[in-house]
Amino acid sequence: MRKVCVVVASRANYGRVKPVLRAVQEHPDLELQIVVGASMLLDRYGKAVDVLRKDGFTPLKEVYYMLEGENLATQAKSTGMGIIELSSVFQELAPDVVITVADRFETMATAIAASYLNIPLAHIQGGEITGNIDETVRHAITKLAHYHFPATEESGKRILKMGEEAWRVKVTGCPSIDTLLSEKVQLEDCKEFIKKRTDTTIDLNKPFILLTQHPVTSEYMDGRKQVTETLHALRRFPVQKMVLWPNIDAGSNLVSLGIRGFQDRYGNENFFYFKNFPPEVYNCFLENAVCLVGNSSSFIREASFLGTPSVIIGNRQEGREHGKNVIYADYDREDIARKVEQQLTHGKYESEHIFGAGKAGKLIAEYLADVKLDINKRMTY
C-alpha cells in the first residue's frame, strides 16, 4: 500500500485538490494522508477545514504556521515556519509520495520540506504562465518536483522545456473540472445553503455578479485602492453583487480594508459579503452568475468550462491560457465598468475544455499507484 500525503493549505487549494483526495481515497493500492494547514484552519478565511471534514475527509494533522500581518515579510516567514512544521509532520507520517498544488507560498513550503526529506514530490498545475511572483514560485516547485500533472498540453510542453524527463510528466487536466461534473449543485440547493449559513438577503432568483479579488503580491500596497476601483465600478449596475473575501497573500489586509470601507460608506446597497463557500457551492455561483469580476484563476479555469462571462482585473492572471469568456481590464473604474457592461450584453459563452474533461483525479491516482518512485532527477539537455 503506497502512502500518498496531500497538504491542503487554502480554500482555493482545497477546491483544486478535492477530486484527487477522493480518487486516492478510493484507490485500492493507495493510502490517503491529509495534512491541513495555513488559512484552511483560520476562521477569518472561512475555516475551510470544516468543509473538508463535512465532505468525508479526516485530516491526520493540523498545522498552524501563518504569521499575522499579511505583508511580504510575514509571507516569507510563514513559508519558513511551514517548512519547519511540515518537515516534522512528514518525518512522522513517512509518506511514499507528497502532493502539492499550484504556485502559492504554502506550496513552496511543502515542496522544500518533502524534497529535503528525500520524499518524492508530485506537483499539480505546473508549467503555467501567470502574473507576479506566483509564476516564479510555480516554476521553482517544478524543479523540486519528481512527478508533474499539468492541466493543459501547453503547460506540459513548458515543463519538458524546463528539462524534466518525459516519463515524469502526465497531462491530466485540472482537478477542479472534475468537481464541476461529479458534484454539480443546483441553484435551489445553493439557495438553501445561503438560507442556512448566512443572514444575507440576496435573492438567487435574480441576476447577480460574483466578485473575487485577491491581492497581487508584487503590488500588495495597492490592494485597497485596486479593490475600491472595482467596487465603485460595480456600484453602477443595479444587479446584485456577491463579494467573496480575499485570500491570505501579502496585501490581504489592505484588500479587506477596502471592502470594509466601501461597506461602511454605502451599506449593503445590493452588495452581499461572504467569507467562504464549499467548492461545489462556489462552482454553482460561478455557473449562475451573469458576470465574474476580479482576478481569481477560477474565472479562467472553471468559468471557461461553464461559459460564464469574466472580467479579469490587473495582471495577477497575466499570460495564462484562457477561453473566449475572458476579457481584461485595468485598475480603473471606468475601464472595469465598460468591460462588465460588454460581458453583461454578451451573456453566456460556449463551453471550452481547455483545462480538461473531468478525469484528472482518477488519472493522478492511477499514475501514482503505478509509477516507479525515483528522486534522482536529471536534466534532459
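How many cavities of 30 Å³ or more does a search of the whole structure find? I began my notes with this point, and the search returned three cavities of that size. I should record at once that the model is a predicted one, and I read every value below with that in mind.

**Entry: the chain as a whole**

Before going into the cavities I looked up the overall form of the protein chain, whose secondary structure comes to 14 helices and 12 strands. The C-alpha trace spans about 55 × 40 × 40 Å along its principal axes. A compact globule of 381 residues would have a radius of gyration near 21 Å, and because the protein chain has 20 Å, I noted that the two agree.

I then turned to burial and contacts, and found that 62% of the 381 residues count as buried. When I took contacts between residues at least 6 apart in sequence, 71% of them joined residues at least 24 apart. The accessible surface of the protein chain comes to about 15200 Å², and carbon and sulfur atoms account for 50% of that surface.

**Entry: the largest cavity**

Rolling a probe the size of a water molecule over the atoms shows where empty space is left. For the largest cavity I wrote down a volume of about 60 Å³.

Which residues line the largest cavity? I listed Thr179, Leu180, Glu183, Lys184 and Val185 from one stretch of numbering, together with Glu280, Asn283, Cys284, Glu287 and Leu306. By kind, the lining divides into four nonpolar, two polar and four charged residues.

I also asked which helix gives the most to this lining, and the answer is α11, with four residues. Helices α7 (175-182) and α11 (279-288) each supply at least two residues of the lining.

**Entry: Thr179**

I chose one lining residue to follow further, Thr179, which has its place in helix α7. Is Thr179 buried or exposed? Its relative accessibility is 1%, and therefore Thr179 counts as buried, the cut-off for that word being under 20%.

Leaving out residues up to four places away in sequence, I found that Thr179 touches Gly15, Pro19, Lys184, Glu280 and Asn283. Of these partners, Lys184, Glu280 and Asn283 also appear in the lining of the largest cavity.

Last, I looked up how Thr179 and Pro279 lie with respect to one another: they are 100 residues apart in sequence, while their C-alpha atoms are 7.8 Å apart in space.

Terms used:
Residues are numbered from 1 along each chain as its sequence is written. This is a predicted model: local features need pLDDT of at least 70, side-chain atom pairs count only at pLDDT 80 or more; totals for chains, interfaces and linings use all residues. Side-chain values use heavy atoms; hydrogens and water are left out. On a 1 Å grid over the protein atoms alone, a cavity is a set of points where a 1.4 Å probe fits but cannot get out, and a pocket is an open set with protein on both sides within 12 Å along at least five of seven lines; lining residues have an atom within 4 Å of a point. Grid points are joined across faces, edges and corners, and a volume is the space filled by probe spheres set on the points. Ala, Val, Leu, Ile, Met, Phe, Trp, Tyr, Cys and Pro count as nonpolar, Asp, Glu, Lys and Arg as charged, and the others, Gly among them, as polar. The radius of gyration is taken over C-alpha atoms; the globule rule is 2.2 Å times the number of residues to the power 0.38. Buried means under 20% relative accessible area, exposed over 50%, partly exposed in between (1.4 Å probe, protein chains only). Contact means heavy atoms within 4.5 Å. Accessible areas come from the Shrake-Rupley method with a 1.4 Å probe; for residues, only the protein chains shown count as cover.
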